[in-house]
Structures are given as C-alpha cells and as structure tokens.
Amino acid sequence: MKLKSMQTMPLQLFLITLIIGLTSLAVASDVKKVILIETMPVPAVIEHSRWFQVQLKELGYEKNKNLKLTILKANGERQLAEKLLNAELAGGNPDLVVTIATLASQAAAKLLKGTDIPLLFFQVSNPVDAGLVKQINAPTGTNITGKVYTVNRNAKIEMLFQLVSQIAVHRPIRFGIIHSTYPSSMGDIRELEMIAKRRGDITFVPYKIEYKKVPTGLPAMIEDTKKGIKALEGKVDFWVEPLGPLGESFEYTQAIMELSTTPIVLGAKADSVKRGALMHVTPHIEASGRETALLASQILEGKDPGTILVTPPLNFDLGINITTALKLKMIIPPDMLKLAGNHVYR
Amino acid sequence: MKIQIKIGLALFPLVLLSIIILGAWSVHITTTGIDKSALQHMNTILDYYIDDKISGMHQLLVRNLLDKEESFVKDYQQLAAESANEFKLTKAGHIFALDAEGKFVFCSKKVDPQLIESLWGDHALSIANGSTAKLTGHLHALNTRAIYAARYFQPWKWVVFYASSGDEIRAAQQSIKNAAILIAIFSAAASWLLLFLVIRKYLIKPIQSLQKAASTIAEGETIGDINIHSQDEIGDLSRNMELMAKAIQKHRAEQIIWQKKLEKEVKTLGGLLPICSYCKKIRDDRGYWNQIESFIQANSEAEFSHGICQDCAEKYYPDMDLYGDDET
C-alpha cells in the first residue's frame, strides 16, 4: 500500500507543479506592463507624471500587483529616450508606452512605428509639427494617440491684448520672445506669428537660441537667453515666455526679471506669474495628467488607440499677478478675474 | 316676426350683458394688480442687478484685496453702472443711482443729473439713513408721477433706484381696458352669432322642414324623407310626420282603388237625353236614334226583361185577360 503511494507521488507532484505554473501564468497575464518616459526633469513634466500615476492608482492599477510601471528619464535628450526604450523593448513588449513631452514622444513614435504596441503621449504642444499625428481632434488610425498640451492661442492672445492694450499706446504692440529650437517652441512661435500677422495690432519679435538637453544644457541656454535679452531690450514692449523646456524653467524667468526692465506679460507657467509675470494661461496639469491616465486605462482594457481622438485638455488655468497689474496701471476685467479664481497672486 | 329673430333678439342682450359683466370684473382685477405686478417686477430686477452686478463686482474686488484700489474700484463701478443697460426694462423705466448724499452717480438713460437729484435726492438721503418706508412706492413731485423700487448698497454708498413713469402704468391700465372692451364686443357678437347659428341649424331649420312637409301633406302630395335625423323631440316629430304622411298616402291609394272599382261597377246615365216624343227613341252622340232599351242597355249596367204593362195589355190584347181582372 505504502509502496503504491510512493509510486504515484511523481505524478501528483507533476500535477501540482502544473497547476501552480498555470495559475502563475494567468496572474502574470493580468499584470499590465506600462513604460512611462519623461522627457526632462522640469516641473511641468514631473507634475504631469505624478498626476498620471495618481489617477492610474485611483483607477485600480497598483504597482507590483496588477501594474508593472517602468519610468524612463530621458534627461532632455531624444537619443537617450530611444536608447532606454529600446533596452526595455528587448525585455519584452509592454502593454502600453506613455510619453511626457515632445522629445520622448518622438523617440517612442520612431521605435514603435509598425508595431502593435500602443503609444500614448501628453504634454506635447504641437503633435502635428512633431510628426506624431496628422491632425488634431481626429482619430489617428494608428497605434498612437494622446493629449495636446496647449490652450487655444487666439483666446490666449486676445486675453493678453485686453490687458496690454490698456497701457500700450502704439500699434502693433511688440512682444519679445526668446525661444529655443526645441520642437514645441518652434511650433508655438510659428503659430503666434501667424496670429499676429492676421490681427495686425501685435507683433512678435523672436530671438532664437539652440536647444541643449535639459537639465545639463539649461545653464548654457540661460546664458544665451541673457544675450537675447540684451539684444531685444528697448526694442520690445513686453516679454512673452515660450512653450518648451526653456520657458518652463524658473531660471529663464529669473534672467529676464533681473536683466530687463520690460515686464513679462505672458508666462509659460504658473511659477512665472508667482514671480511677477502678469498672467499665464496654461493647461491644467492635474486635469491633463488625469485625463491621460483615463485614456491609458481604456487602452489597457483593449480599446484601439487609433480610434481615440487627439484632443486638447478640457481644463486650463489662468493666473494673474495683481501686483504687476497695479504696477503697470492695468485693470483686470472682472471676467478675467473671475476666471482666474484662486490663481490671483500678489 | 319669425321665431329665429325672436330668439336672436332675446339672446343678444343676455349674452352682451354676461360678457360685459365678466369683462368689467376682469378689467377691475387686472388693473388693480398692475401696480403690484409692476413693483414686484422692479424689485426682482433691482435685486438681481444689485446681487449680480454691483455686489458681484464688489465681492470680486474684496476677494482679491482690490476694494481699496481706487483705479479698480472706479473701473468696476463704471462697469456695474454700464451693465444696468443690459436689463430689459419697461419702456419708460430706468435704473439710476445716487450716493448717500443724494448726488447723481449714473443712470441707464440719458437724463439731466440735476433733475434726478431734485426729484430723488431726498428719497436717497432717507434710504441711506436707514428708512425702509421709502424702499418702494410712488413719487409725486414736480409734475412727475413715478412708481419705483430702491435699494441701498452700503459698501459703495449707492442708493439704486428702478423707476418707471406713472403715466406708463396708467397707459397700460387704459390699454387693458380698451382691449377688454374690444374683446367683450367681439365675444358678444361671436357668441350671439354662434347661438344664432346653433338655433338656426338645430331648431329653426328643422321646424321649417316640418312646416314645408305639413304644407305638402295638406296639398295632398307625397313628402318622402323630411331629412331630420336627430334623436330629439324634433326628430321624433319628423319621423311621426313621415309615418303620418305614409298612412295618408296609403289611405288615398286605397280610396282611388275603391273609387275605380265603384266606377266600374256602377255606370249611370246623366245629362240631357234627346228622346223622340212619339216613338220614344233616344239619339246617341253620333246622331243615331236608338231604341230606348238598347240605348240604356248600352250605357248602363241595366238589363231588360220584356213584359207588358196592364194598360198595354188591355190596349194590345184586349181579348186576353193577362192581369186576371175579369174574375171580379
């Protein structure tokens, strides 16, 4: 009897091992593998990444349980983003690649082209110019989709004009804008110049500097910015901060405020307004991060990214510095003040 | 006078009277409510204007610590004043404000500021000093009659009025009266006409049809269908009359049949018969002389059986005692 049971033991062990193995496989298949690539360590990217992860967690995706989230940091360098992603792809295909900002998105789009790995980008101000999609507010029909990181520029310029036209007597009003060759900055300048040309009552005076990878190249870009400030000082009525990593950095705002007597009237971030810029109109970072996480969840549940519309964020922030407005003898219209809500700084 | 005219004449004053009474009552109720409604409208508009525009602007300034910034306060006050034009006011209505000292601040219409101050200055002072009695009511001064509502906005020391001309209210009342009179006249005429048509259709016309049918029956002619199919008394009468006409027709037909039958059975001779004074032959229509018995036999149902009367028997057969009177 004992001998008989000894003889059947290997079979029992085999069956138990098989059951455990199959169960592990099933559990493993429920774990979603997501790669998140952050282009550079600037506040907007960091905040976007944080709210994206918060929302994912709220949707029930927990790290080391049903979510394997790998965060790659490209440090402002597209080649590094490509290299890091390539290495990850070698270890197996992820369920989703999420990219924050333009360079990482471009790198991922290049590597994932022709694959069935979904790519979800956000904080990209001009995905058409960046070559990610063919048009906004339309489904892509590919494995790529995302959220546009920009506020309607016409509305933004009109709000700005309402304020600056109170004190600028001559037309066109000249806005100095020192920008880098970063893709979203270039796209932004192009759009702004088109608006200025159409309106006729404003003009943008650009000063272009070479983009260097952030954060290591930022000091060099700030030095170039200082040259731009000297070059444009006296030739412009107001400063406008550009989109992209240069405008995102507080050193940029600081440099203008230290070296120029001309006020910054349109900041690229809330921090600029807190430091003294007149106003900013930017997408709501928390809402943008959360909206992207909702899209990520849909894709992980099986939705085809090619059917998802590439849209601008639903919410935006308007920030106003009252001290600057009073200093410039500007009156903030009640509608704008209401819209700014809690983002009125002194 | 025909029955329809009688009914029409009887109904018209009744209808007219009812509608005039109803109209007069409506006019009374409406006109007395106009003042109240006008004031309620003014209070509602004014409250909304103060809460949304004036207080809204002030709160915005307070929340952003700008309520002491003269440039902002002046600008926002100006915007609040201009926003009074956005309200749809009565034709002669206008929103204006005076300060706590009765000085003109703004008006939604182009008016003489001094006139406003002279008319409303005292009211503004009273309201600013806390009088609630003058927050709403009528103003009679300097040939001006107005109905108004007022509020005091303490932070800006503004007494804000919404006033409208009393003439406008009276004009509205008069226009309601006129409209009511017109409606009463129209309603009376329409009601009378409607009643007339109803009576004509359901009473007069059927009676006329029955009358015509009765005349036809009286003339001994057939009437056919009287064409009244209503289920009321007139309908019943019509159907009975049709039955009666049919019965008469039936009796008449039977009478004719009987008459013909009688005519056939009884042939009588009549008129003047030419008869020979001697042979007693009778001349017929064609001028022939006929034996009296053949003539009568031909022109009546009578048959002859020949015999001899007593006189002729004695005359022609004197030898024969045909009547047996010899026995005596």
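How much area do chain B and chain A bury between them? In this predicted model, the answer comes to about 980 Å², with 70% of that area on carbon and sulfur atoms. The contact draws on eleven residues from chain B and eleven residues from chain A. Three residues on the chain B side do much of the work: B:Leu60, B:Asn64 and B:Phe72 supply 46% of the area that chain B buries against chain A, more than any other three residues. As for charge pairing across the contact, the count of salt bridges between chain B and chain A is zero. Polar contacts do turn up, though, with three residue pairs counted between chain B and chain A, both partners at pLDDT 80 or more.

Seen from chain B, the elements that give two or more residues to the side touching chain A are helix 1 (3-63) and helix 2 (70-82). Helix 2 of chain B gives the most, with five residues. Sorted by class, this side of chain B has seven nonpolar, two polar and two charged residues.

Next come the two chains themselves, starting with chain A. Chain A has 13 helices and twelve strands. Of its 346 residues, buried ones make up 53%. Contacts in chain A also reach a good way along the sequence: taking those between residues at least 6 apart, 72% join residues at least 24 apart.

Chain B, for its part, holds seven helices and seven strands, and going along the sequence they follow the pattern α-α-β-β-α-β-β-β-α-α-β-β-α-α. Here 29% of the 328 residues count as buried. For chain B contacts with a separation of 6 or more, residues 24 or more positions apart account for 52%.

What about the packing inside? In soluble globular proteins, nonpolar side chains tend to be buried together. The largest nonpolar core in this model has 67 residues, and those with the most contacts inside it are A:Phe175, A:Phe204, A:Met279, A:Ile332, B:Ile54, B:Trp156 and B:Val160. Helix 1 of chain B contributes the largest share of this core, at twelve residues. That helix is also one of the elements giving two or more residues to the side of chain B that touches chain A. A second, separate core has 43 residues, among them A:Val42, A:Leu246, A:Ala255 and A:Leu295.

A:Met279 gives a good look at the surroundings of one residue in the largest core. Leaving aside residues up to four places away in sequence, A:Met279 touches A:Met159, A:Leu160 and A:Leu163, along with A:Val265, A:Leu266, A:Gly267 and A:Val273. The list of residues touched by A:Met279 also includes A:Leu318, A:Gly319, A:Ile320 and A:Met336.

Not every buried residue in chain A is nonpolar, and A:Asp188 is a case in point, with a relative accessibility of 2% that counts as buried. A:Asp188 sits in helix 6 (residues 183-199) of chain A. Its side chain makes a polar contact with the side chain of A:Arg153, at 2.6 Å. Beyond residues up to four places away in sequence, A:Asp188 touches A:Pro242 and A:Leu243 as well as A:Arg153.

A few backbone details are worth picking out, beginning with cis peptide bonds in chain A. The bond from A:Arg171 to A:Pro172 is cis, with omega near -5 degrees, and A:Pro172 lies in the loop between helix 5 (153-164) and strand 6 (173-180). The bond from A:Val214 to A:Pro215 is cis too, with omega near 15 degrees. A:Pro215 is found in the loop between strand 7 (202-209) and helix 7 (218-232) of chain A.

Positive phi values also appear outside glycine. In chain A, A:Lys329 has a positive phi of about 60 degrees although it is not a glycine. This lysine, A:Lys329, is in the loop between helix 12 (322-327) and helix 13 (334-340), and its relative accessible area of 69% makes it exposed. In chain B, B:Lys157 is a residue other than glycine with a positive phi, near 55 degrees. B:Lys157 lies in the loop between strand 4 (144-153) and strand 5 (158-165) of chain B. At 43% relative accessibility, B:Lys157 counts as partly exposed.

Notes
Residues numbered from 1 in each chain as written. Chains lettered and ligands numbered in written order. Heavy atoms only, no water. Contact = heavy atoms within 4.5 Å. Buried area = accessible area lost by both parts, 1.4 Å probe. Salt bridge = Lys/Arg side-chain N within 4 Å of Asp/Glu carboxyl O. Polar contact = N/O pair within 3.5 Å; in protein donor to acceptor, adjacent residues only side chain to side chain. Helix = DSSP H or I, 4+ residues; strand = E, 2+ residues; numbered from the N terminus. Nonpolar A, V, L, I, M, F, W, Y, C, P; charged D, E, K, R; others polar. Buried < 20%, exposed > 50% of the residue type's maximum accessible area, 1.4 Å probe, protein only. Core = buried A, V, L, I, M, F, W, Y, C linked by side-chain atoms within 4.5 Å.
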